[in-house]
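Let's take a walk through this one and see how its parts sit against each other. Have the chain in view, and we'll go step by step.

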Amino acid sequence: MNETLFKKYNVPVPRYTSYPTANEFRPFDAEQYLKAVESSNNATADNISFYIHVPFCRHLCHYCGCNSVAMAKPDRITEYFETLHKEIDLLLPHLRKDRRISQIHYGGGSPSSMPLPLIRGVNEHLLSAFETIENPEIAIECHPGYLKAEDWHYLLGSGFNRFSLGIQDFNADVLHTVNRHPSLLPVAEIMDILRKGGAKVNFDFIYGLPKQSVKEFVSTIETAISLRPDRLVTFSYAHLPSLFKRQQILEKAGLPLQNEKLGMFEEAARTLRAAGYVPIGMDHFVLPDDDLSVALQHHTLHRNFQGYCPRRITAQVYAFGVSGISQLDEAYAQNTKDILTYITQVNAGRLPVQRGYALAPWQRITREVIECIMCNNGINWHDMAQRLHCTVTDIWQAVHYNEAQLQTLQADGLIIFDAEDVRVTPEGMPFVRNVAAAFDPMMRNSHLLFSKPV
């Protein structure tokens with residue numbers, strides 16, 4: 001990667017898992033949320049996606065920026081899951097009964113660290129309320145440090161067909177430094193169980209941690225490739241100690257220099273491409289026959305807070321649990337982050353929404369543009385106008401369309417553009433967030449805190 005371009009574009013920009021970003025959320029209440037929920041019943045993409053947030057972890061990793069807390073006592077865990085069921089029952093009457101579930105996703109925290117019958121009970125509750133599409137995605141984020149063979153079999157029997165394994169690194173020294181337990185079973189054994197159970201498997205890794213080097217991280221990626229997961233994600237460690245105090249511990253351990261971190265990204269990407277993995281967006285790599293690869297070929301890739309997905313399972317997202325964010329056509333709504341407040345409000349018969357955002361018409365257009373760039377590496381203006389039932393001029397007026405800025409991005413080799421479309425180049429993919437930000441009117445005067453792309 002050109003060092004001059006790296007210095008120019010490796011600047012804080014939004015991750016764009018939503019638009020507007022969660023940083024922009026403001027006070028929002030249950031009445032506003034339910035109005036958006038009722039409207040979502042008539043959305044064009046009317047499949048249902050449920051997200052369940054489980055905040056508890058047996059150990060808190062020093063790098064973590066998620067909404068997670070140390071493991072509570074068993075009674076509090078049980079109470080939390082009882083509250084989840086009550087929250088589900090508060091929302092379901094507002095959803096049209098002929099809609100179908102296309103996705104269920106458990107995140108955290110470490111949902112796989114919970115008593116697994118509690119997880120199965122939530123699945124049964126949701127799947128008993130609606131029919132599903134053919135081959136829905138039922139996914140769970142797993143910490144492999146605590147699961148025995150019988151636990152993996154139990155999760156398969158609970159309906160899960162996609163597992164995201166938070167490996168982060170295969171180097172025990174790195175894991176010890178960041179306070180993460182290594183896998184309890186050999187990962188190859190876990191893969192064998194899940195493959196025989198017909199499940200798809202993702203591996204998640206983080207680069208930019210203490211004790212990592214280019215050579216060490218590439219060795220981790222080569223080990224992963226030998227196991228052939230369906231998808232592999234290389235997340236850039238976002239060091240934001242002002243927001244997440246425990247990250248200060250990593251400063252004492254010593255973070256890699258920026259050029260070393262860049263080398264990890266470049267060499268990992270090169271190694272994965274050489275092994276036949278297809279790059280998706282800024283940090284995902286998938287096998288050529290994966291749904292995401294097929295969707296990218298047809299320019300139908302989508303993205304939400306749970307990650308990339310094909311439009312086949314694109315849906316309105318309804319979130320349950322503390323800090324969960326619902327993503328609907330007209331609004332976002334986020335639950336309270338405080339567990340006691342969450343339990344109290346739900347037990348009082350109130351949906352625990354605290355923050356959110358109602359999108360203006362121009363923001364809904366901008367969201368489509370940014371998502372298309374982030375997912376499909378570019379945008380054709382006429383195709384977008386046809387899909388949104390508007391004109392190209394309407395789109396350009398909604399977004400921040402600045403031809404001079406686009407010419408600069410093109411001169412630097414990040415994009416190729418004309419009046420018909422914009423295409424992100426292979427060299428520009430590490431900075432696709434920067435390209436998306438160029439079309440974001442809200443970035444012109446933003447003073448919010450974001451992470452760097454690489």
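How many residue pairs are in polar contact between domain 1 and domain 2? Keep that in mind while we get our bearings. What you're looking at is a predicted model. The domain assignment splits the protein into domain 1, made of 1–16 + 361–453, and domain 2, covering 17–320. So domain 1 is written as two stretches of the chain, by an assignment that is automatic or comes from a database. Measuring from centre to centre over C-alpha atoms is one way to place them: 26 Å separate the two domains.

Now for the place where they meet. On one side, 32 residues of domain 1 are in contact, and on the other, 28 residues of domain 2. Between them the two domains bury about 2,500 Å², with 59% of that on carbon and sulfur atoms.

Back to the opening question: the count is 8 residue pairs in polar contact, with both residues at pLDDT 80 or more. Which parts of domain 1 face its partner here? Helices α13 (361–376) and α17 (432–437) each supply at least two residues of the side that touches domain 2. The largest share comes from α13, with 10 residues. Sorted by class, that side of domain 1 has 17 nonpolar, 6 polar and 9 charged residues.

Charge also shows up across the interface, where the rule finds 1 salt bridge. If you'd like a salt bridge to zoom in on, try R311 and E371, whose closest N and O atoms are 3.2 Å apart.

Notes:
Residues numbered from 1 in each chain as written. Predicted model: local features only at pLDDT ≥ 70, side-chain atom pairs only at ≥ 80, totals over all residues. Heavy atoms only, no water. Contact = heavy atoms within 4.5 Å. Buried area = accessible area lost by both parts, 1.4 Å probe. Salt bridge = Lys/Arg side-chain N within 4 Å of Asp/Glu carboxyl O. Polar contact = N/O pair within 3.5 Å; in protein donor to acceptor, adjacent residues only side chain to side chain. Helix = DSSP H or I, 4+ residues; strand = E, 2+ residues; numbered from the N terminus. Nonpolar A, V, L, I, M, F, W, Y, C, P; charged D, E, K, R; others polar.
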